[in-house]
Amino acid sequence: MEKYVEHQVKTKVETFFKGFFKVIFMVIAAAIFILLFGYGFMLLWNWLMPDVFGLPSLGYWKAVGILVMAKLLFGNFEGKGHKKPSKKSRRSFKEWKKDSCQSDFSKWEFYDDFWKEEGEKAFEDYVERQQNNEQ
């Protein structure tokens, strides 16, 4: 019986420490990710913005500050609070998009023949009408 209790205690302690170290690892990994993300943003900003828009170069903390400000102004980046559209609405949008694209481009196969037969003459008639309207 004592061995069973010792085993249970040992298992609980091991489980606790495994979970504790996982949490510590995740916190450290998240901190490293945030630091690298801020550094990458700073490098990208300093590479593009001064030359393209004439904006000043940024230091690391200003770059991180801009990221935080963007998060506050524009909301979460697909995080917890983001509501995804339902499967039904996505499906109906895809069907609408597919139908509208097919109906728009189904007639384009005749475009070259039309332009060869009537297009240039129709354009010349249009230009002549516009010139007559101006006079």
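Is Trp61 buried or exposed? Trp61 counts as exposed, because its relative accessibility is 65% and the cut-off for that class is over 50%. The structure is a predicted model, and the same kind of reasoning can be applied to other parts of the chain.

Start with the overall layout. The protein chain contains four helices and zero strands. Read from the N terminus, the order of the elements is α-α-α-α. Of the 135 residues in the chain, 6% are buried. The accessible surface of the protein chain is about 12,900 Å², and carbon and sulfur atoms account for 65% of that surface.

Helix 1 covers residues 2-53. Leu36 is one of the residues in helix 1, and Leu36 is classed as exposed because its relative accessibility is 57%. Leu36 also belongs to a nonpolar patch on the surface, with an area of about 970 Å². The other members of this patch are Val9, Val13, Phe16, Phe17, Phe20, Phe21, Ile24, Ile28 and Ile32.

Another residue of helix 1 is Tyr39. Tyr39 has a relative accessibility of 42%, so Tyr39 counts as partly exposed; this class lies between the limits of 20% and 50%. Along the chain, Tyr39 and Gly59 are 20 residues apart, and their C-alpha atoms are separated by 9.0 Å.

Now turn to the aromatic residues. Phe16, Phe17, Phe20 and Phe21, which appear in the nonpolar patch, also form one aromatic cluster. For ring centres within 6.5 Å of each other, the count comes to seven aromatic pairs. In the pair made by Phe20 and Phe21, the ring centres are 5.7 Å apart and the planes meet at 70 degrees, so this pair is edge-to-face. The reason is that planes over 60 degrees apart are given that name. The two residues can also be described by their accessibility. Phe20, at 40% relative accessibility, is partly exposed, whereas Phe21, with a relative accessible area of 52%, is exposed.

Tyr60 and Trp61 make another aromatic pair, also edge-to-face, with 4.9 Å from centre to centre and 80 degrees between the planes. Trp61 is the residue of the opening question, exposed at 65% relative accessibility.

The charged residues come next. How many salt bridges does the count come to? The count comes to one salt bridge, in which the side chains of Lys121 and Asp125 meet at 3.4 Å, N to O. Where do Lys121 and Asp125 lie along the chain? Both are in helix 4, which spans residues 111-134. Because Lys121 and Asp125 are four residues apart in this helix, about one helical turn separates them. Lys121 is exposed, since its relative accessible area is 53%, while Asp125 counts as partly exposed because its relative accessibility is 32%.

Elsewhere among the charged residues, Asp112, Asp113, Glu117 and Glu118 gather on the surface in a patch of negative charge. Glu118 is placed in helix 4. With a relative accessibility of 46%, Glu118 counts as partly exposed.

To go back over the main points, the chain has four helices and zero strands. The nonpolar surface patch includes Phe20, Phe21 and Leu36, and the patch of negative charge includes Glu118. The salt bridge joins the side chains of Lys121 and Asp125.

Methods: Residues are numbered from 1 along each chain as its sequence is written. Side-chain values use heavy atoms; hydrogens and water are left out. Rings of Phe, Tyr and Trp (its six-membered ring) pair if their centres lie within 6.5 Å; planes under 30 degrees apart count as stacked, over 60 as edge-to-face and the rest as tilted. Buried means under 20% relative accessible area, exposed over 50%, partly exposed in between (1.4 Å probe, protein chains only). Helices (H or I, at least four residues) and strands (E, at least two) are DSSP runs, numbered from the N terminus. Accessible areas come from the Shrake-Rupley method with a 1.4 Å probe; for residues, only the protein chains shown count as cover. A salt bridge is a side-chain nitrogen of Lys or Arg within 4 Å of a carboxyl oxygen of Asp or Glu. Patches are made of residues with over 30% relative accessible area and no salt bridge: like charges are joined within 9 Å, nonpolar side chains (Val, Leu, Ile, Met, Phe, Trp, Tyr) within 5 Å. Lys and Arg count as positive and Asp and Glu as negative; His and the chain ends are not counted. The place of a charge is taken as NZ of Lys, CZ of Arg, CG of Asp or CD of Glu.
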